[in-house]
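Good morning, and thank you for coming. I would like to take you through one protein structure, beginning with a single residue and then turning to the whole.

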Amino acid sequence: MEITDFLTVDRIEIDVRATSKKQVLNVLAQMGERATGINQCLIFDTLLFRERLGTTGVGNQIAIPHGKLPGLDRVYGTLCRLEKPIDFDAIDDHPVDILFMLLAPEEAGADHLKALARIARVSRDTTKCQMIREARNPIGIYEVLTAFTESRAA
């Protein structure tokens with residue numbers, strides 16, 4: 001699965017203001033509602049439930065909140081870059097400033113895992129993460145992510 005299979009430029013927001021984990025999960029839920037048509041309260045509750053199982057802060061100042069929802073036909077992704085990093089209880093205890101959210105159909109086992117794996121690879125690439133942080137707009141971030149995808153496919 002490629003990033004282009006679940007993320008589009010219009011689902012990337014930059015310089016988002018949030019001061020807490022709950023606040024940024026609410027922002028992501030709003031983005032998810034625009035992308036999927038699923039009620040943001042349901043998305044928020046799903047993300048919060050997943051966070052209570054264990055943090056999705058994977059390190060390198062990145063989090064990958066995710067969940068499965070009824071009514072989806074495929075995996076949807078969003079990316080949110082925060083204006084200032086926030087505490088997210090990340091595994092490395094560093095604040096988070098880049099959040100990839102993934103929403104998948106309830107029955108999407110393999111596709112959900114493939115999308116998570118793709119984002120995890122990006123999160124481990126410190127050069128790509130820095131390029132995401134320095135991008136001036138959502139198109140710049142998308143170009144960084146798709147160049148990464150293309151280089152993996154080559």
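**A walk through the model**

Let us begin with Asp97, which lies in strand S6. Please bear in mind throughout that what you see is a predicted model. Is Asp97 buried or exposed? With a relative accessibility of 9%, Asp97 counts as buried, because the cut-off for that class is under 20%. Which residues does Asp97 touch, once its neighbours within four places in sequence are set aside? They are Gln61, Cys80, Arg81, Leu82, Pro85 and Arg133.

Two of these partners lead us onward, and I shall take Arg133 before returning to the strands. Arg133 belongs to helix H4, which covers residues 126-134. Within that helix, Lys128, Cys129, Ile132 and Arg133 are buried. Viewed down the axis of H4, the buried residues fall within an arc of 145°, and therefore they line one face of the helix. What does the face turned away from the buried side carry? There we find the exposed residues Thr127 and Glu134.

I now come to strand S5, which runs over residues 76-86 and includes Leu79. Leu79 has a relative accessibility of 0% and so counts as buried. Its contacts, again leaving aside neighbours within four places in sequence, come from several parts of the chain. Among them are Leu7, Arg11, Ile12 and Glu13. Met31 is also in contact with Leu79, as are Ile98, Leu99 and Phe100. Ile141 and Leu145 complete the list. One further distance may help you to place this residue: the C-alpha atoms of Leu79 and Leu102 are 9.0 Å apart, with the two positions 23 residues apart along the chain.

Next, two residues deserve attention for their backbone angles. Most residues other than glycine have a negative phi. Asp15, however, is not a glycine and has a positive phi of about 55°. Asp15 sits in strand S1, residues 12-16, and is partly exposed, with a relative accessible area of 45%. The second case is Asp93, a residue other than glycine whose phi is positive and near 65°. Where is Asp93 found? It is in the loop between S5 and strand S6, the latter spanning 96-105. At 69% relative accessibility, Asp93 counts as exposed.

Let me now step back to the protein as a whole. Its secondary structure consists of five helices and six strands. Along the sequence these follow the pattern β-α-α-β-β-β-β-β-α-α-α. Of the contacts with a separation of 6 or more, 72% are between residues 24 or more positions apart.

As to overall dimensions, the C-alpha trace spans about 35 × 35 × 25 Å along its principal axes. Why may we speak of a compact globule? For 154 residues, such a globule would have a radius of gyration near 15 Å, and the protein, at 14 Å, agrees with this.

Finally, I turn to the surface and the charges. Of the 154 residues, 49% count as buried. The protein exposes about 7500 Å², and carbon and sulfur atoms supply 49% of that area. How many charged side chains are there? There are 19 positive and 22 negative ones, and the centres of the two sets lie 2 Å apart.

To close, I return to the starting point: Asp97 in strand S6, buried and in contact with Arg133. Thank you for your attention.

Definitions and conventions:
Residues numbered from 1 in each chain as written. Predicted model: local features only at pLDDT ≥ 70, side-chain atom pairs only at ≥ 80, totals over all residues. Heavy atoms only, no water. Helix = DSSP H or I, 4+ residues; strand = E, 2+ residues; numbered from the N terminus. Buried < 20%, exposed > 50% of the residue type's maximum accessible area, 1.4 Å probe, protein only. Contact = heavy atoms within 4.5 Å. Rg over C-alpha atoms; globule rule 2.2 N^0.38 Å. Areas by Shrake-Rupley, 256 points an atom, 1.4 Å probe, with all protein chains shown as cover. Lys, Arg positive; Asp, Glu negative; His and termini not counted. Charge placed at Lys NZ, Arg CZ, Asp CG, Glu CD. Arc of directions from axis to C-beta.
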